[in-house]
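Reader: I am in my first year of study and should be grateful for a close look at a single part of this structure. Would you please choose one strand and describe its surroundings with care?

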Amino acid sequence: MLDERGRDIRYLRLSVTDRCNCRCVYCMPEGGVPRRDHGEMATFEELRDIVRAAVTLGVRKVRVTGGEPLVRRGIVRLVHMLAEVPGVEELAMTTNGTLLAPLAAGLRDAGLDRLNVSLDTLDVDRYRSMTRCGSLENALAGLRAAREAGLGPTKLNCVLLGGVNEKDIVPLAELARDGADGELGVASVRFIELMPMGACASWPRERFVSADVVVDEVAGLVPAGQDGVTQLYRKEGWRGTIGLIRPVSHGFCKTCDRIRVTADGMLKPCLHSRAEISLRGLSGPELVAALRQGIAAKPARHHLGVAHASATPRSMNQIGG
């Protein structure tokens, strides 16, 4: 389905929980999120039906997100339910990887195609500081398990925080040297600009750096085309790629092909908009009509910038990125 500006909406990001086992400084409140009644969250059947309806409107790629999707009880069963929806051509997941090791094979068998793993540093102390409670060892074990299970090629996502993890750019980039054949099976390392939303909106401006800094830090990168919203680069002799995702310095709204559904069943046509449409309690033609309404009303662009915070009242963990 095309929105009012002619963009072909083919990508659904489906949040299955707002909870997480980490407390990443740019995503989660330090004390976690308030517990919500089980009945406030979309059921597996509702999530599956939303995907079914989205497919009838042209969605072909579904990404399962959180919070941290692996904390949702029964996540392997949910993945199986989504994988069986006719018309879903790619089923992916974004995870911090710390709970992945014992689940990787089951997720693959359930129908998951590939993973994006969030990893902002390879320094043990900095990892614990940035995640507040996470284990780098567990995250790396999850990557190894994903490679062994055949869940690939895996992409790493690193959020750039000026003055915090710039020293990690080169070590993280080098994980792409051997590509999917490397120890961790990393085919691409993508560096993402920090967005001023939630608690980050009040952070010092020096925390917000352009992803272009990666090109300065990693010698020998040359442009290698586009993968969705990611500008790709290659380096001679490396099998994997380096990607830059630049929502602040280089907006990509004109080509945005995605919609989002939150864990409580709200359709967000744009990550940074206040607009939401409730999908819970709808089925059949009514559900399709609500999705159609949201797609048609997708805004032309966000107004995000270092000096302009996101308009959404939700934090990142409540949306799924």
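Author: A residue is called buried when its relative accessible area is under 20%. The model discussed here is predicted. With that cut-off in mind, let us turn to strand β9, which covers residues 241-245. Of its 5 residues, 5 are buried, and so β9 is largely enclosed by the rest of the structure.

The directions of the residues come next. From β9, T241, G243 and I245 point one way, while I242 and L244 point the other way. Both groups are buried.

The strands that pair with β9 complete the picture. Strand β6, made up of residues 186-193, pairs with β9 in the parallel sense, over 5 bridges. Within this pairing, I242 of β9 stands opposite V189. Strand β8, residues 230-235, also pairs with β9, but in the antiparallel sense and over 3 bridges. Here G243 of β9 is the bridge partner of L232. Thus I242 has V189 opposite, and G243 is matched with L232.

Finally, consider the connection between β8 and β9. These two strands form a hairpin with 5 residues between them. In that hairpin, G237 takes a positive phi near 90°.

To draw the description together, β9 is a strand with 5 of 5 residues buried, paired in the parallel sense with β6 and in the antiparallel sense with β8.

Notes
Residues numbered from 1 in each chain as written. Predicted model: local features only at pLDDT ≥ 70, side-chain atom pairs only at ≥ 80, totals over all residues. Heavy atoms only, no water. Buried < 20%, exposed > 50% of the residue type's maximum accessible area, 1.4 Å probe, protein only. Helix = DSSP H or I, 4+ residues; strand = E, 2+ residues; numbered from the N terminus. Pairing = 2+ DSSP bridges.
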